Amino acid sequence: MNGFCVARNWIAVVILLFLGGCKLGNAPLNDGPIRLEDRRINTARSALFLQKPPLDEDGYFVGLSISGGGSRAANFGAACMFQLERLGILQKVDYISSVSGGSIPAAYYCLNDKDWNPSSVQKKLTHAFATDLIRDALFKPWNSLALVLTSLSRSDLLANAFNDVLFSENGRPQTFGDLRADRPRLLINSTDLQSGRRFIFTNESFNQLNSDLSKYSVGYAVAASSAVPLVLHPISLRDYSTRYREYRHLVDGGVSDNLGIVTLVETYLNQVTLAQQEHLPDPYPHGAVFFVVDARTRFNGEISNEEDVKWTDLVRTAFRLTSNSLINRISAATLSDLILHNAPDATTAKQLRDDIEKLQTQGVLVMDDRTGHSVTVVYLALSQVDQLHDLPFDSFNQTINGISTYFNIEDREAYDLYEAADLLVKEKLETQLRDIAAKLHPEAQTRPARSPTTRESM
């Protein structure tokens, strides 16, 4: 029997090498020589609407962005989403823009209904995806050889792990064609390795590639959004708009915008501006509301209680410090850009500085944008936990800062992230969020408050 198993494994290796890897690529949208004006276009629920903005029922552009940060961002993002759902706000969100780990709860919410509940989400988002990747890479001989000799990469293994645990239905990987019509439009952000610009998995981006977004795996898009340079391999897309063999190579979206907010702001402003230029009805007469979920922390509390740091911890911590510093700089700059690009032309530099400080300290900013609309920004930041008073225990803030950005997380760590979201909303933002909910969804005022989902067993 052992000899048979060995032979079977080697047969699998030979077949895999012959096939050249198992990477899942993107499919063409239009085959053959078709005139540009006759080509079909994508219609998945992932769109920027750069040509004709839709009319919104409630008159508000409501956008939610979820930052990167591995399983820490995934669980903190989900915790904040449940808080917004409790207040009746998540149900009114029009767009979700996500980066890296934040793309996990974003995509899961936009694909699933019956499994979108605290128990299911907490179980799935604490899955050890990094362990799966290491196991599949090192302890499956066909994968080990294929990683060296074929186009199979670590990012493929991560995408497969995402699909196996999160994004499959009846054994079939879910695609952008499976996005639910009753959920927000999903905007997953990555970075084009050649240009350094954002690449967003949308109808518009795939139209440029003459590629069918509805057939593309959501798990692969999330892996592209999470493909940290040097750690994971870029995810490649074939450009079918030309007869030449051209590709787009995509890496972590946090390289260009770790908050995912730029995509939301540009989508909103482009739609409003286009409507004004084309003399179309204002799609958002009441303005915009942006919710920014930021899972970055201020410092690494994981090694502060160690007298001597092991060399393995030093290397790991140094790498994470470098990446965290880069992400923090990008996130801070992006938050400032959010205010700068929305501000009217007559706004002074002092007013801009005051607005940035107000948003970072108070968590809510209301301003008028350059199109004359009212804009509300709500900043739900994990780093703001140190401003709270009613913490569960003295070292809670240090514990939160010690949670890593890897795609592995302990149950206790995830529980603490749900606690952090609960405390952040209840102590700092509850009143303002209820006021916003009343504007977006009047019934929210009369909806009885229930205990938040954070304390449910994991």
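A salt bridge is a side-chain nitrogen of Lys or Arg within 4 Å of a carboxyl oxygen of Asp or Glu. The legends below use the term in this sense, and the model they describe is predicted.

**Figure 1. Asp212 and Lys215 form a salt bridge.**
The side chains of these two residues meet with N and O 4.0 Å apart. Asp212 and Lys215 sit on opposite sides of the burial scale. Asp212 has a relative accessibility of 7%, so it counts as buried. Lys215 has a relative accessible area of 56% and is exposed. In general, side chains of opposite charge can pair when their charged atoms come close.

**Figure 2. The chain as a whole, for orientation.**
The chain holds 14 helices and 11 strands. It has 458 residues, and 52% of them count as buried. About 21200 Å² of the chain is exposed, with 53% of that area supplied by carbon and sulfur atoms. Among contacts with a separation of 6 or more, 79% are between residues 24 or more positions apart. The count of salt bridges comes to 18. Some of these are shown in the next two views.

**Figure 3. Arg180 and Asp113 pair across the chain.**
The closest N and O atoms of this salt bridge are 3.7 Å apart. The pair links distant parts of the chain, as Arg180 and Asp113 are 67 residues apart. Arg180 is in the loop between β4 (172-173) and β5 (185-192). Asp113 is in the loop between α3 (103-111) and α4 (118-125). Both residues are partly exposed: Arg180 has a relative accessibility of 25%, and Asp113 has one of 40%. Which residues are linked with Arg180 in a network of salt bridges? The network consists of Asp113, Arg180, Asp182 and Arg183.

**Figure 4. Arg198 and Glu266 join a strand to a helix.**
In this salt bridge the closest N and O atoms are 2.9 Å apart. Arg198 belongs to strand β6 (residues 198-200) and Glu266 to helix α10 (residues 261-277), so the salt bridge ties together parts of the chain 68 residues apart in sequence. Arg198 is partly exposed, with a relative accessible area of 27%. Glu266 is also partly exposed, and its value is 37%.

**Figure 5. Cys80 is a buried residue of helix α2.**
The helix spans residues 70-86. Is Cys80 buried or exposed? Its relative accessibility is 1%, and the limit for burial is under 20%, so Cys80 counts as buried. Leaving aside residues up to four places away in sequence, Cys80 touches Val293, Leu380 and Ala421. Phe291 is 211 residues from Cys80 in sequence, yet their C-alpha atoms are 9.9 Å apart in space.

**Figure 6. Asn203 lies in helix α8 and is buried.**
The helix covers residues 203-208. The relative accessibility of Asn203 is 6%. What does Asn203 touch, not counting residues up to four places away in sequence? The residues are Asn42, Thr43, Ala44, Ser46, Ala47 and Leu213.

**Figure 7. Phe49 and Asn210 have positive phi angles.**
Neither residue is a glycine. Phi of Phe49 is near 55 degrees, and that of Asn210 is about 50 degrees. Each residue lies in a loop. Phe49 is in the loop between α1 (2-19) and β1 (60-66), while Asn210 is in the loop between α8 and α9 (218-225). Their exposure falls into two classes. Phe49 is partly exposed at 23% relative accessibility, whereas Asn210 is buried at 4%.

**Figure 8. The second largest pocket has a lining of 19 residues.**
Rolling a probe the size of a water molecule over the atoms shows where empty space is left. About 470 Å³ of space lies in this pocket. Which of the lining residues are the closest to its centre? They are Arg45, Asp56, Gln91, Val93 and Asp94. By class, the lining has 10 charged, 8 nonpolar and 1 polar residues.

Note on methods:
Residues numbered from 1 in each chain as written. Predicted model: local features only at pLDDT ≥ 70, side-chain atom pairs only at ≥ 80, totals over all residues. Heavy atoms only, no water. Helix = DSSP H or I, 4+ residues; strand = E, 2+ residues; numbered from the N terminus. Buried < 20%, exposed > 50% of the residue type's maximum accessible area, 1.4 Å probe, protein only. Contact = heavy atoms within 4.5 Å. Areas by Shrake-Rupley, 256 points an atom, 1.4 Å probe, with all protein chains shown as cover. 1 Å grid on protein atoms, 1.4 Å probe; cavity = no way out; pocket = protein on both sides within 12 Å on 5 of 7 lines; lining within 4 Å. Points joined across faces, edges and corners; volume = space filled by probe spheres on them. Nonpolar A, V, L, I, M, F, W, Y, C, P; charged D, E, K, R; others polar.
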